[in-house]
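Here is a short set of questions and answers to read alongside the model. Have the viewer open and follow along.

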Amino acid sequence: MYKITSNLVHVQEIANAGRGVLAKQPIPTGTLLLESDGPAAHVVHWQYRKEVCAQCFRYNLGRTLPVKHASTGKVFCSPECQSAWMSEQGELAIEAWEKLYGFVALKANTIVQDHVFATVCARPDAIEIEAAWSKGDKTVGQMRQQQTASSKKKSHPLVSSQNIDPDILGFLLSGLLLQHHNPNAWEAEMLPLAADPTPYTSNRDLEAHVNSYIQLAAILPHLTTDHHLTSNICRTLISTANHNAFGLRSADGDEYLGYGVYPSASYFNHSCSPNISKQRVGAMWEFRAARDIAVGEQCCITYLGGDEKHLTVLARRARLESIWGFECACPRCLEEDRVGGQ
Ligand SMILES: [Zn+2]
Ligand SMILES: [Zn+2]
């Protein structure tokens, strides 16, 4: 089930750190260790919807891309990318993206994304999370009864009154479609990923996620009926994304275009002095040795996106603790502890 096939490294359980990647032989600087697959679930942020290719994530300094798929609203850098996207997605997925696009267009004046920026004051705990999702399930259950009782296409009153967040909707739909297309990949790749049991930054954030589930169930009733759209699947997507997502940034790093979950790339642990560098090439990631690596050494990337270079040990630990929930004990942190670094 481990997807790293390079004969240079292997994936192994590591004391107190889950899985990790270890060097099987000396690895010289610059060696390519892994090319990931495309993302299992991802989203291009709403504000970049006209500027980032839906297939290869190309972004050209904020220019609107030339090819647009009218019924789904997806944009592409070339007709080739559009055809590749269409054949990879398939009919059912394209229809689902069309429904989502129509829904978002209809409710464009209710787009609210301020929950994303909520300061971390009251993170909902496991009990609150459970309660919110079971309320969501109850609403979806009622909707299904109404849908079967009448063939009239009337929106549930709750859905009409809710705000929407296209980023959450798009991310969840991309993951739901993976689960639908390829349940084996879902089982083998998504379920084993480290999951955050309390991934919501605030009650508003929790509510925005549960509402997105209800809205998807309202616009995609067939996926709900055949159990490809369940609260469990949504919750798995949200809690794995919190610990495994890679940010999709523009080449200069200034624009945060979206994020994706890359199961084959999530075996690398974190170090504040990483020996592996990662670079996005289109929709994939390449992982290379950033320096010579000895046999048995753990291969680590940084989760801090380069910021680790300038941050103190206290600042690094605080950020890693708040986002990923662990206290960093990498060699650099331990060394800075020893010499009394601040
Ligand atoms: Zn493209
Ligand atoms: Zn560290």
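Q: Which residues are the protein donors of the zinc ion (ligand 2)?
A: This is a predicted model, where local features need pLDDT of at least 70, side-chain atom pairs count only at pLDDT 80 or more, and totals for chains, interfaces and linings use all residues. Residues are numbered from 1 along each chain as its sequence is written, chains are lettered from A and ligands numbered from 1 in the order in which they are written, and side-chain values use heavy atoms, leaving out hydrogens and water. Donors are N, O and S atoms within 2.8 Å of the metal (3.2 Å for Na, K and Ca), and water is not among the atoms, so sites may look incomplete. Lying 2.3 Å from the zinc ion (ligand 2), the protein donors are the SG atoms of Cys 272, Cys 328, Cys 330 and Cys 333.

Q: What is the geometry of the zinc ion (ligand 2) site?
A: Four donors count as tetrahedral if all angles lie between 85 and 135 degrees. Among the 4 donor atoms here, the angles are 106 to 114°, making the site tetrahedral.

Q: How are the donor residues of the zinc ion (ligand 2) spaced in sequence?
A: Read along the sequence, the spacing of these donor residues is C-x55-C-x1-C-x2-C.
Cys 328 and Cys 333 are both buried (under 20% relative accessible area, 1.4 Å probe, protein chains only). The spacing, once more, is C-x55-C-x1-C-x2-C.

Q: Why does Asp 196 count as buried or exposed?
A: Asp 196 sits in the loop between helix H5 (183-190) and helix H6 (203-219), helices being DSSP runs (H or I) of at least four residues. Asp 196 counts as buried because its relative accessibility is 8%.

Methods
Helices (H or I, at least four residues) and strands (E, at least two) are DSSP runs, numbered from the N terminus. Buried means under 20% relative accessible area, exposed over 50%, partly exposed in between (1.4 Å probe, protein chains only). Four donors count as tetrahedral if all angles lie between 85 and 135 degrees; four count as square planar and six as octahedral if opposite donors are over 155 degrees apart and all others between 65 and 115; anything else is irregular.
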